[in-house]
Number of protein chains: 4
Amino acid sequence: MTDIATTPLTERGRRTRDALVAAARRVFEERGYAATRMQDVAAEAGVSHGTVYTWFPGKDELLREVTHAIVGEVVDAARERPREATSADPYPRLAGATRRFLVGYRRNARMLAVVEEAASADPEWTGVLDELREIYVTRTRRTLRRLQAEGHAPADIDPDVAAPALTGMVETFARRSATDPTTTDSDVEQLTRLWARAVGLTVPNHD
Amino acid sequence: MTDIATTPLTERGRRTRDALVAAARRVFEERGYAATRMQDVAAEAGVSHGTVYTWFPGKDELLREVTHAIVGEVVDAARERPREATSADPYPRLAGATRRFLVGYRRNARMLAVVEEAASADPEWTGVLDELREIYVTRTRRTLRRLQAEGHAPADIDPDVAAPALTGMVETFARRSATDPTTTDSDVEQLTRLWARAVGLTVPNHD
Amino acid sequence: MTDIATTPLTERGRRTRDALVAAARRVFEERGYAATRMQDVAAEAGVSHGTVYTWFPGKDELLREVTHAIVGEVVDAARERPREATSADPYPRLAGATRRFLVGYRRNARMLAVVEEAASADPEWTGVLDELREIYVTRTRRTLRRLQAEGHAPADIDPDVAAPALTGMVETFARRSATDPTTTDSDVEQLTRLWARAVGLTVPNHD
Amino acid sequence: MTDIATTPLTERGRRTRDALVAAARRVFEERGYAATRMQDVAAEAGVSHGTVYTWFPGKDELLREVTHAIVGEVVDAARERPREATSADPYPRLAGATRRFLVGYRRNARMLAVVEEAASADPEWTGVLDELREIYVTRTRRTLRRLQAEGHAPADIDPDVAAPALTGMVETFARRSATDPTTTDSDVEQLTRLWARAVGLTVPNHD
DNA sequence: TATGAATGAGCCTTCATTCAT
DNA sequence: GATGAATGAAGGCTCATTCAT
């Protein structure tokens with residue numbers, strides 16, 4: 001289903017293929033798309049570089065497979081329904097969601113940048129990027145709609161505009177904090193406040 | 001002063017060099033960094049490919065020069081002091097600023113993506129990106145501080161966190177609307193509201 | 001051990017690599033260093049030009065490898081202990097040595113000139129040249145010391161000066177005779193006499 | 001007469017042309033033939049690099065002109081008839097000649113190597129080299145013949161073989177001492193002795 | 001004459017991909 | 001399935017030479 005190229009028939013084949021996908025992700029994240037040579041991926045996976053072509057038709061498909069894996073992870077993560085989601089007070093709910101979003105996004109931030117790099121050279125990748133982002137945006141849109149339905153957020157907000165915009169804000173923050181290790185909890189708190197106020201929530205005073 | 005490589009000594013040289021920078025920008029925007037061949041830039045500028053090397057040591061410097069030009073543009077644009085800046089009511093002031101930001105950013109969005117592509121392959125470019133972004137962020141930080149000083153924005157907002165986050169939000173919006181021609185004025189209005197509410201401003205009701 | 005770049009793992013690889021070194025030597029000798037294109041070497045070895053880079057990082061390393069091979073040959077040749085070396089009369093001993101020197105040198109004369117060419121453009125090669133020459137000079141120095149110890153040569157000769165000078169004389173002669181096919185045995189006899197007289201040996205009269 | 005390319009018609013032209021020849025020699029000696037760019041020569045001469053082509057059709061002719069100048073110098077130097085040439089005792093005569101040879105050769109050693117480099121890439125230059133060397137060899141041949149005629153040197157020496165061989169010896173020594181500044185007078189004395197003994201002269205004992 | 005710019009042939013090198021074993 | 005080798009298209013860059021002014 002998620003296969004892009006050859007499906008392994010043996011256990012050994014499956015292991016090799018998985019190792020290649022994992023290796024590819026590491027190397028792509030480390031060097032970017034263009035600067036990654038098939039050679040590097042093979043070496044990282046501990047196989048001969050001819051072997052990559054046993055499992056993938058080419059470099060593109062390798063990236064596509066890695067991206068696919070990310071989509072899977074993200075979708076899975078989105079499925080989690082943690083406790084606080086049922087809380088009545090929207091602010092702590094939001095705080096938890098933001099924190100989770102940041103954690104999840106940070107895991108994939110570098111690969112997103114890599115896909116963006118690929119898209120810069122070949123617009124075909126734009127679709128993949130949009131697809132990935134749409135997962136995040138959809139979640140946010142749903143959140144906004146719920147807040148409006150519950151009377152927490154004003155009706156004059158258009159979720160179709162606000163969702164991508166707010167996601168973009170958190171994305172940018174996440175991307176930066178993915179590199180910058182000085183990000184503190186208070187920074188995350190600040191981000192949550194901006195988000196909350198932007199959609200009309202009342203922000204608790206204690207700080 | 002803004003020279004990165006060779007300075008032309010004659011009028012003809014200056015014209016050629018300028019044509020090359022302009023051509024490079026067009027081609028970079030069209031194809032991205034990696035996919036741009038020196039040949040393409042030369043052809044676009046209407047000169048032999050050897051001529052590019054008369055003025056620039058290599059592809060890197062060409063990109064650096066184009067980026068330099070953008071920084072110049074952006075700084076110049078930031079210098080403009082339009083009428084509404086003096087208005088007492090912060091919301092229209094903000095609306096104008098957002099609109100101007102979008103217009104300015106859209107002009108450079110594609111090149112920023114190109115630099116990002118270059119940075120993905122060679123981290124050396126990260127610095128250039130940061131420098132460019134800092135220009136926008138600094139402006140926003142200043143705006144936030146003024147709003148706080150004037151009592152329009154609450155004191156619990158940390159401009160050092162909020163400025164990059166909000167800039168990121170507008171950046172993302174701008175990037176998307178740079179490609180998507182369906183962006184309407186009402187979308188911009190939505191963005192302005194988010195921004196305004198996020199920093200605690202009162203948003204006019206009529207819409 | 002003698003590897004400079006990649007070591008072949010298969011028989012086929014070894015054959016290709018060896019063919020490349022041999023081809024490189026032929027082409028270098030034919031055209032000189034600068035005028036030799038990687039293309040030429042590849043063609044001479046009967047492989048695609050990309051294959052050269054499978055085994056050598058660049059042109060430099062190719063020359064280095066060829067030179068390495070020569071050093072090996074020369075050292076091996078120097079190891080031979082022919083009969084006449086044990087003769088009591090120094091002159092026939094010298095005559096034999098000179099002849100062998102000429103034969104050996106002639107085999108490498110052209111490549112030495114090539115390295116000299118490379119050294120002229122890039123002084124880094126000077127070291128390689130010195131190393132090669134030192135092999136010859138050391139042998140001569142040893143010969144001189146033995147002659148002095150045996151009382152055949154006067155003590156006022158300084159082997160450290162005479163060895164390079166006499167080696168230079170034979171080198172020059174060899175280089176010229178490498179190109180000039182009119183060199184006769186009597187020429188070699190003349191050279192031997194000069195050498196012998198220069199270090200004070202008695203020269204037989206019959207000629 | 002010694003002109004290879006354009007003859008200057010004005011004083012200014014003559015100065016430029018001379019400056020170019022001098023500059024070319026310096027740069028050739030510094031970097032070798034291949035590594036010298038016309039640009040470098042022009043810069044060294046303090047003119048625009050287009051100007052080189054006003055006076056010389058190309059790089060080859062520039063080298064040819066420099067070499068020509070050297071031939072002139074050498075011929076002029078050979079013309080000098082110093083006092084000791086008339087001395088009856090051949091050894092001091094020889095010592096003086098050797099010293100002069102060394103001095104003269106050292107001045108041109110590097111350029112000879114450069115021509116040799118050019119010859120390595122293009123055999124056409126071999127002729128120029130031979131011509132230059134022949135000047136030295138001829139002088140030595142004449143010296144040998146005189147020594148034989150005067151009964152100082154044995155008749156079994158063939159000046160046609162000995163002259164190039166001995167010249168080669170001194171050449172090698174000179175080349176090495178041109179780079180190596182540790183050459184002492186006693187080294188020169190050693191060289192003279194080898195030379196003298198090689199041609200059968202009696203060498204004075206005091207050392 | 002001199003200058004500064006433009007030209008373009010030519011070379012080295014990289015690396016995705018193919019292939020024989 | 002895996003391996004190591006071979007391939008060759010493609011592109012960056014240099015620099016001798018030409019040219020307009």
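In this predicted model, the surface near DNA strand E draws at least two residues from each of four helices: α1 (11-31) and α3 (49-55) of chain B, α3 (49-55) of chain C, and α1 (11-31) of chain D. The helix that gives the most to this surface is α3(B), with five residues.

Around DNA strand E there are 37 residues, and those that come nearest are B:Leu9, B:Thr16, B:Ser48, C:Arg37 and D:Thr16. By residue class, the surface near DNA strand E consists of twelve nonpolar, 19 polar and six charged residues. On the side of the nucleic acid, sugar or phosphate accounts for 72% of the atoms of DNA strand E within 4 Å of the protein, and bases account for the rest.

Individual polar approaches can be named for both parts of the strand. Where the bases are concerned, an N or O atom in the side chain of B:His49 is 3.1 Å from a base nitrogen of DNA strand E. A base oxygen of DNA strand E lies 2.9 Å from a polar side-chain atom of C:His49. On the backbone, a phosphate oxygen of DNA strand E lies 2.8 Å from a polar side-chain atom of D:Thr10.

The report now turns to the contacts between protein chains, beginning with chains A and B. In this pairing, 35 residues of chain B are in contact with 35 residues of chain A. The area buried between the two chains is about 2800 Å², and carbon and sulfur atoms give 54% of that area. Three residues, B:Asp156, B:Leu194 and B:Arg197, supply 22% of the area that chain B buries against chain A, more than any other three residues.

Charged and polar pairs also link chain B and chain A. There are six salt bridges between chain B and chain A. A salt bridge joins the side chains of B:Asp156 and A:Arg193, with an N to O distance of 2.4 Å; B:Asp156 is also one of the three residues that supply 22% of the area buried by chain B. Residue pairs in polar contact between chain B and chain A, both at pLDDT 80 or more, number 14.

The side of chain B that touches chain A takes at least two residues from each of α5 (90-121), α6 (126-149), α7 (159-179) and α8 (185-198) of chain B. Among these helices, α7(B) provides the largest share, eleven residues. This side of chain B comprises 17 nonpolar, six polar and twelve charged residues.

Chain B is superposed on chain A by a rotation of 180° with 0.1 Å of shift along its axis, at an RMSD of 0.1 Å. Because 100% of the interface residues of chain B are also interface residues in chain A, the copies meet through the same surface.

The contact between chains C and D can be described in like terms. It takes 35 residues from chain C and 35 residues from chain D. The area buried between chain C and chain D is about 2800 Å², with carbon and sulfur atoms giving 53% of it. In chain C, the residues that lose the most area to chain D are C:Asp156, C:Leu194 and C:Arg197, which together make up 21% of what that side buries.

Six salt bridges are counted between chain C and chain D. In one of the salt bridges, D:Asp156 pairs with C:Arg193, and the closest N and O atoms are 2.3 Å apart. Polar contact, with both residues at pLDDT 80 or more, is found for 14 residue pairs between chain C and chain D.

On the side of chain C that touches chain D, α5 (90-121), α6 (126-149), α7 (159-179) and α8 (185-198) of chain C each supply at least two residues. The helix α7(C) gives the most, with eleven residues. The residues of this side divide into 17 nonpolar, six polar and twelve charged.

Chain C is superposed on chain D by a rotation of 180° with 0.1 Å of shift along its axis, at an RMSD of 0.1 Å. That is the relation of a two-fold axis. The same surface serves both copies, since 100% of the contact residues of chain C recur in chain D.

The buried areas of the two pairs are set out below.

| Pair of chains | Buried area | Share from carbon and sulfur atoms |
|---|---|---|
| Chain B and chain A | about 2800 Å² | 54% |
| Chain C and chain D | about 2800 Å² | 53% |

How values were computed
Residues are numbered from 1 along each chain as its sequence is written. Chains are lettered from A and ligands numbered from 1 in the order in which they are written. This is a predicted model: local features need pLDDT of at least 70, side-chain atom pairs count only at pLDDT 80 or more; totals for chains, interfaces and linings use all residues. Side-chain values use heavy atoms; hydrogens and water are left out. A residue is near a molecule or strand if one of its heavy atoms lies within 4 Å of it. A polar contact is a pair of N or O atoms within 3.5 Å; within protein, one must be able to donate a hydrogen and the other to accept it, and residues adjacent in sequence count only if both atoms are side-chain atoms. Ala, Val, Leu, Ile, Met, Phe, Trp, Tyr, Cys and Pro count as nonpolar, Asp, Glu, Lys and Arg as charged, and the others, Gly among them, as polar. Contact means heavy atoms within 4.5 Å. Buried area is the accessible area (1.4 Å probe) that two parts lose on being put together, summed over both. A salt bridge is a side-chain nitrogen of Lys or Arg within 4 Å of a carboxyl oxygen of Asp or Glu. Copies are superposed by least squares on the C-alpha atoms of residues with pLDDT of at least 70 in both.
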